[in-house]
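Subject: Structure handover

Hello,

Here is the structure I promised you. Please open it first, then read my notes beside it.

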Amino acid sequence: MTIRYISTRGSAPVLSFEDVVLAGLATDGGLYIPEHVQEFSMAEIDAMQSMNYAELAFTVISRFIDTSIKPDVLQGIIAESYKSFRHAAVAPLKQIDGHSFVLELFHGPTLAFKDFAMQFLGRLIDHILDKKSQKAVVIGATSGDTGSAAIAACQGRKNMDIYILHPKGRVSEVQRKQMTSVLDNNVHNIAIDGTFDDCQDIVKALFADAEFRKKHNLTAVNSINWARIVAQIVYYFYSALALGAPAKNVSFAVPTGNFGDIYAGYMARRLGLGIDQLIIATNSNDILARCLATGTYSMEGVKPTLSPSMDIQISSNFERLLFDLYDFDGKAINDMMTKLRTDKKITLSTLAWNRFKAEFSACAVTDEETKRTIATTFNTTGELLDPHTAVGLAAGQRVRKKTGAPLIVLGTAHPAKFPDAVKAASGVAPELPPHLKDLMSRKERCEDMANDVSKVREFINAKSVA
Ligand SMILES: *Cc1c(COP(=O)(O)O)cnc(C)c1O
């Protein structure tokens, strides 16, 4: 069966899975989604009970890929992707009270859930490039977490060079070390004398430079890449199966920034998984929670919080949900996104808003409540939560229906990635796992650069294979 991908704004070409992975954003500015999603039957979900993580990942991911990638090749890519995880269960569940569980998604190489998608995406892109006899340059800007996951995914891949820009002196020590201590020849860290927004502006300018973009076959691995969503659907199935699916339903609370992770949960439901509540957990950057409560999606500037990976102004993947809520009306989405840019807000139609409320619950959590949740969880269980996971737990406990299904909170980062916040809240300094104990003393390689797009362009021109 061929699976066709269409843009949420209705006027970009229809593409295959492989081309969607390389394209990232559609040419009309939209995001790609599959034209059709085929549900799993109860019997098919039942049969997943006996699968290990890699087998389950193959079964779920295959739903979205046509025959262009051979099954044995895909199996190989998936097996390699999850081999580097430091827990035999890959994504273990830890019970923390009578009805709540934390799904630990931080046993990958960089200790955050982004490894689940990035480890897969890096290998997948390398394979697709191989088939096309192409090379590519990956460029990205990071405020900390995404950069290290992307570097870990691309290091040593023969068809790719990766350049990650971070704001000099504005990422944590652990985050910087995780990026700059990767010494492979194809990995290039650039510390920009500026802010995260400056870094992002440079990346955008390079993508907008058509000649440069073509010359280096520029590729993005950001959160709108469809292959990242697909890889994230797997652990919704995996954890629900562990708690008795398909016979029993579960609920999820998901710490949310760009709406990628929770959109994967929504896709799991569309694939037939029995999910009671899908709870959007935000910090004080609460555009999604406000939208669910009022029907208006309105931008308010970014507030720094204890959970920095969720400090966003708008949630880029929300556009994918809107496309569904508006019955695949690309023109309507295009008009809304234009309006959002000029007016800084849009109001959903009554039908779309009602549909949104039928699929999701939402809750915003303050820094105070985040700290309290870390402290209480430590005192009652001995477990340290990172601030993002704590936002998820606080929101889940507030919003879950008391008589409902068990609550699974997505544990998106290891506490040792955010040691200051965790120690301030609990009194205990979280320790890095054994394989990263020497991280802070590892040798680093990083290029300092002025906040100047032409300097970055020259640097890439001088270094790249593509
Ligand atoms: C990226 C990130 C999130 C938010 O995920 P989205 O897919 O952007 O919603 C939450 N927690 C951590 C630790 C992250 O790195």
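Start with one pair of residues: Ala141 stands opposite Leu165 in strand 6. Ile139 likewise stands opposite Tyr163 in strand 6.

First, the ground rules. This is a predicted model, in which local features need pLDDT of at least 70, side-chain atom pairs count only at pLDDT 80 or more, and totals for chains, interfaces and linings use all residues. Residues are numbered from 1 along each chain as its sequence is written, and side-chain values use heavy atoms, with hydrogens and water left out.

Helices (H or I, at least four residues) and strands (E, at least two) are DSSP runs, numbered from the N terminus. Two strands pair if DSSP finds at least two bridges between them.

**The sheet**

Strand 5 (residues 136-141) and strand 6 (residues 160-167) run parallel, joined by six bridges. They belong to an open sheet of five strands with parallel pairing, in the order 8-5-6-7-15. Strand 8 (218-219) and strand 15 (447-449) are its edges, each pairing on one side only. Helix 5 (residues 114-131) packs on this sheet. It touches strand 5, strand 6 and strand 8 (contact means heavy atoms within 4.5 Å). The direction of helix 5 makes about 140° with that of strand 6. Helix 6 (residues 145-154) lies across strand 5, strand 6 and strand 7 (187-192). Helix 6 runs at about 165° to strand 6. For these angles, axes are lines fitted to C-alpha atoms, for helices over the stretch in contact, and angles run from 0 to 180 degrees between N-to-C directions.

How enclosed is strand 5? Five of its six residues are buried, so strand 5 is largely enclosed by the rest of the structure. Buried means under 20% relative accessible area, exposed over 50%, and partly exposed in between (1.4 Å probe, protein chains only).

**Another strand pair**

Strand 10 (residues 275-282) pairs with strand 13 (residues 361-364) in the parallel sense, over four bridges. Ile280 stands opposite Ala362 in strand 13. In a regular strand the side chains alternate between the two faces of the sheet. Strand 13 shows alternation: Ser361 and Cys363 point to one face and are buried. Ala362 and Ala364 point to the other face and are not buried.

**Helix 4**

Helix 4 (residues 71-83) has 13 residues. Its expected span is 1.5 Å times one less than its number of residues. That gives 18 Å, and its end C-alpha atoms are 18 Å apart, which agrees.

Which residues of helix 4 are buried? They are Leu74, Ile77, Ile78, Ser81 and Tyr82. Seen down the axis of helix 4, the buried residues fall within an arc of 115°, so they line one face. The arc is that of the directions from the helix axis to the C-beta atoms. On the other side of helix 4, Asp72 and Lys83 are exposed. The cover over the buried residues of helix 4 includes helix 3 (53-62), helix 5 and helix 10 (226-242).

**Cysteines**

A disulfide is a pair of cysteine sulfur atoms within 2.5 Å. By this rule the count is zero. Why is Cys291 not bonded to Cys363? The closest cysteine sulfur to that of Cys291 is in Cys363, 16 Å away, which is too far for a bond. Cys291 is buried, at a relative accessible area of 0%. Cys446 is in no disulfide either: the nearest cysteine sulfur, that of Cys199, is 10 Å away. Cys446 counts as partly exposed, at 31% relative accessibility.

**Unusual backbone**

Most residues other than glycine have a negative phi, and most peptide bonds are trans. Look at these spots:

- Val90 has a positive phi of about 65° although it is not a glycine. Val90 lies in the loop between helix 4 and strand 3 (93-95), and counts as buried at 8% relative accessibility.
- Leu111 has a positive phi of about 70° and is not a glycine. Leu111 sits in the loop between strand 4 (100-104) and helix 5, and is buried at 1% relative accessibility.
- Ala245 and Pro246 are joined by a cis peptide bond, with omega about 0°. Pro246 is in the loop between helix 10 and strand 9 (250-255).

Best wishes
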